[in-house]
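Let's take a walk through a protein together, one step at a time. Have a look at the fold before reading on.

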Amino acid sequence: MDKSPDAFKTISEVAEELELPQHVLRFWETCFPQIKPLKRAGGRRYYRPDDVDLLRGIRHFLYGEGYTIKGLQRILKEDGPVFVQSVGRGGAAVPSASQRPQVRPENYSLPFQGETYQPQSPPPNIPPIEPVSAQGNLFAPPLESHPPAPARLNTGQVKLLKDILTDLEECKRVLASARRPE
């Protein structure tokens, strides 16, 4: 029996519809406070149709348009969640990169000197890290043994890399929360 389009959906139904793992949806909840599924006893999530449209829009921006999480957070802040929902419904045109303000490198001073990173001031309570050249890294093979990079990645490779990036960002978030003093 199919559900009504207005019915609430579980996380497994939404994950299947968007072709995403459930942990990605939970991770996105931590990145985008605009995602607010209804939570019942035991923490079970129920997504409203607007929530699903928002998630579909987020998926489109991150996977289809190549935006970063920070870039999408800026879009949500500037244009609002209704805009991202309309993109998820297929109703709004996504602004091209030329329509969005560009970051200009000449507006920033970089703390680099030559080929070695020199921090301007070390963070408190963190010992400085000694720079290591690629040739001096004991865990990496010499640079000459790396094959040349392919000219273009196919869609499967891009999807795999994006999935790996999502997993790494989740690991980073977990590590950051584990490092917080209690």
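What follows goes from the overall layout to a helix, a set of rings, some charged pairs and a patch on the surface.

One thing to keep in mind from the start: this is a predicted model. It has 182 residues, and buried residues make up 25% of them. The protein has six helices and five strands. If you read along the sequence, they come in the pattern β-α-α-β-β-α-α-α-β-β-α. How much of the contact tally comes from residues far along the sequence from each other? Among contacts with a separation of 6 or more, 54% are between residues 24 or more positions apart. On the outside, the protein exposes about 13700 Å², and carbon and sulfur atoms supply 57% of that.

Helix α2, which covers residues 22-31, is a good place to step inside. Which of its residues are buried? They are Val24, Leu25, Phe27, Trp28, Glu29 and Cys31. Look at what lies over them: the cover includes α1 (11-18), β2 (38-39), β3 (45-47), α3, α4 (69-79) and α6. As a bit of background, an α-helix has 3.6 residues a turn, so residues three or four places apart point the same way.

Glutamate 29 deserves a second look, as a charged residue on that buried list. With a relative accessible area of 14%, glutamate 29 falls under the 20% cut-off, so it counts as buried. Who is its partner? Glutamate 29 forms a salt bridge with lysine 39, and their closest N and O atoms are 3.8 Å apart. Since glutamate 29 sits in helix α2 and lysine 39 in strand β2, the pair ties together parts that are ten residues apart in sequence. Lysine 39 itself is partly exposed, at a relative accessible area of 48%.

Cysteine 31, from the same list, is buried as well, with 14% relative accessibility. Cysteine 171 is partly exposed, at 44%. As for disulfides, the structure holds zero.

Now for the rings. The structure holds three aromatic pairs. In one of them, phenylalanine 61 meets tyrosine 67 edge-to-face, with 5.2 Å from centre to centre and 80° between the planes. Both phenylalanine 61 and tyrosine 67 are buried. Phenylalanine 61 also pairs with phenylalanine 83: the centres are 6.2 Å apart and the planes sit at 50°, so this pair is tilted. What does the second pair do for the fold? Phenylalanine 61 lies in helix α3 (residues 49-64) and phenylalanine 83 in helix α5 (residues 81-89), so the pair ties together parts that are 22 residues apart in sequence. Phenylalanine 83 is buried too, like phenylalanine 61. Put together, Phe61, Tyr67 and Phe83 form one aromatic cluster.

Back to charges, then. How many salt bridges are there? The structure holds eleven. One of them joins arginine 56 to glutamate 17, with the closest N and O atoms 2.2 Å apart. This pair links distant parts of the chain, because arginine 56 is in helix α3 and glutamate 17 in helix α1, 39 residues apart. Arginine 56 is partly exposed at 26% relative accessibility, and glutamate 17 is partly exposed at 35%.

Helix α3 also takes part in another bridge. Arginine 89 and aspartate 53 have their closest N and O atoms 2.8 Å apart. Arginine 89 lies in helix α5 and aspartate 53 in helix α3, so this pair ties together parts that are 36 residues apart in sequence. Are the two partners buried or exposed? Arginine 89 is partly exposed, at 44% relative accessibility, whereas aspartate 53 is buried, at 12%. Salt bridges that share partners join Lys9, Glu17, Asp50, Asp53, Arg56 and Arg89 into one network.

Last stop: the surface. Leu153, Val158, Leu160, Leu161, Ile164 and Leu168 form a nonpolar patch there, and together they have about 520 Å² of accessible area. Take isoleucine 164 as an example. It lies in helix α6 (residues 155-179), and its relative accessible area of 39% makes it partly exposed.

Notes:
Residues are numbered from 1 along each chain as its sequence is written. This is a predicted model: local features need pLDDT of at least 70, side-chain atom pairs count only at pLDDT 80 or more; totals for chains, interfaces and linings use all residues. Side-chain values use heavy atoms; hydrogens and water are left out. Rings of Phe, Tyr and Trp (its six-membered ring) pair if their centres lie within 6.5 Å; planes under 30 degrees apart count as stacked, over 60 as edge-to-face and the rest as tilted. Buried means under 20% relative accessible area, exposed over 50%, partly exposed in between (1.4 Å probe, protein chains only). Helices (H or I, at least four residues) and strands (E, at least two) are DSSP runs, numbered from the N terminus. Patches are made of residues with over 30% relative accessible area and no salt bridge: like charges are joined within 9 Å, nonpolar side chains (Val, Leu, Ile, Met, Phe, Trp, Tyr) within 5 Å. Accessible areas come from the Shrake-Rupley method with a 1.4 Å probe; for residues, only the protein chains shown count as cover. A salt bridge is a side-chain nitrogen of Lys or Arg within 4 Å of a carboxyl oxygen of Asp or Glu. Contact means heavy atoms within 4.5 Å. A disulfide is a pair of cysteine sulfur atoms within 2.5 Å.
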